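Here is a quick walk through the strands and the chain contact of one structure. Have the viewer open as you read.

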Amino acid sequence: MKFIFMVRTGPYSYQNIDTAYHLAKRAVDKGHDVFIYLYEDGTINTNSEIKSLEERNIAEMMKELVDKGVRIGVCGTCAKFRGISKKSIVEGVKYAGLALLVGEIQDCDRFVSFGY
Amino acid sequence: MPKALIIVDTAPYGTATCAEAFRTITGLAGMDIETATVLVGDGVFVAKRGQNPSLIGMKSLEEAYSMLGDFGAKLYIVRESIEERNLKEEDLIPADKIITMDEFRKLIEESHCIITFHAGG
């Protein structure tokens, strides 16, 4: 089954990215295909400059998902609005527009949006 | 073809939510995704005529949402939400249809992907 998780909130202030992370991790472990699209403040979750002190590091969690085969895309326009450049995002994450999401939607089985 | 349903349930200004919803709607519809928008709750104020957001340095969402048809997106407004806010249809920009909550429920059932734009926190 192919899942899409859209996350619209940033790191730490909300739990959405953590929920998407855990769902994605379990889903790929069970052999499902997962695409995460980070939109609006959600783009901040892939900022490789995140320094979380003793807390979980969400950027590293995104990298962990990429390494496990989860495909992650960030909305380039949203990222630009927030000063996040291609260079600053986690390696392996695609910096792209809504066209990427549209392409993924075409054949997905479940689409879950995490917002406010 | 997948159907996308965009639900907007928050007032037009004060947050970027409704403007972000507009970008999403036009983006999806512009790439041939069958896209419908539902204004519900305080979201009906997005369709209120006579907005003048230049006073707060923002672009008019009344004008923006009036153009949804040009992108091939449908606009629906929930009747109960209009009435609860003591508005009348003629106070609002034209919609493809004023729908009931029951019709809204059917749209949800028929949609392939649903994105809710709700300001909160």
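What follows looks at chain A, then the sheet of chain B, and then the place where the two chains touch. One thing to keep in mind throughout is that this is a predicted model.

**Chain A: around β2**

Let's start with strand β2 of chain A, which spans residues 33-38. Is β2(A) largely enclosed or not, and why? Five of its six residues are buried, so the rest of the structure largely encloses this strand. A residue goes down as buried when 20 or more other C-beta atoms lie within 10 Å of its own.

β2(A) has a parallel partner in β1(A), residues 2-7, and six bridges join the two. If you want a spot to zoom in on, take I4(A), whose bridge partner in β2(A) is F35(A). To get from β1(A) to β2(A), the chain goes through helix α1(A), residues 16-29, in a right-handed β-α-β crossover.

β2(A) also runs parallel to β3(A), residues 71-75, with four bridges between them. Here Y37(A) stands opposite G73(A) of β3(A). Helix α2(A), residues 58-68, carries the chain across from β2(A) to β3(A), and this β-α-β crossover is right-handed too.

The strand pairings described here, from both chains, line up like this:

| Strand pair | Sense | Bridges |
|---|---|---|
| β1(A) and β2(A) | parallel | six bridges |
| β2(A) and β3(A) | parallel | four bridges |
| β3(B) and β4(B) | parallel | three bridges |

**Chain B: the sheet**

Over in chain B, five strands make up an open sheet, and their order is β4-β3-β2-β1-β5, with parallel pairing. Which strands sit at the edges? They are β4(B), residues 97-99, and β5(B), each pairing on one side only. From one strand to the next, the twist averages 25 degrees.

At the β4(B) edge, the neighbour is β3(B), residues 74-78, paired in the parallel sense over three bridges. One bridge to look for there puts V78(B) with I99(B) of β4(B).

**Where the chains touch**

How many residues does each chain bring to the contact? Chain B supplies 15 residues and chain A supplies eleven residues. On the chain B side, the elements giving two or more residues are α1(B), 17-30, and β5(B), 113-117. β5(B) provides the largest share of that side, with four residues. So much for location; as for character, the chain B side splits into eight nonpolar residues, six polar and one charged.

That brings β5(B) up twice: as an edge strand of the sheet, and as the element with the largest share of the chain B side.

Terms used: Residues numbered from 1 in each chain as written. Chains lettered and ligands numbered in written order. Predicted model: local features only at pLDDT ≥ 70, side-chain atom pairs only at ≥ 80, totals over all residues. Buried ≥ 20, exposed ≤ 12 C-beta atoms within 10 Å, placed from the backbone. Pairing = 2+ DSSP bridges. Right-handed = clockwise from strand over helix to strand, strands pointing away. Contact = placed C-beta atoms within 7 Å. Nonpolar A, V, L, I, M, F, W, Y, C, P; charged D, E, K, R; others polar. Axes fitted to C-alpha atoms, helices over the stretch in contact; angles between N-to-C directions.
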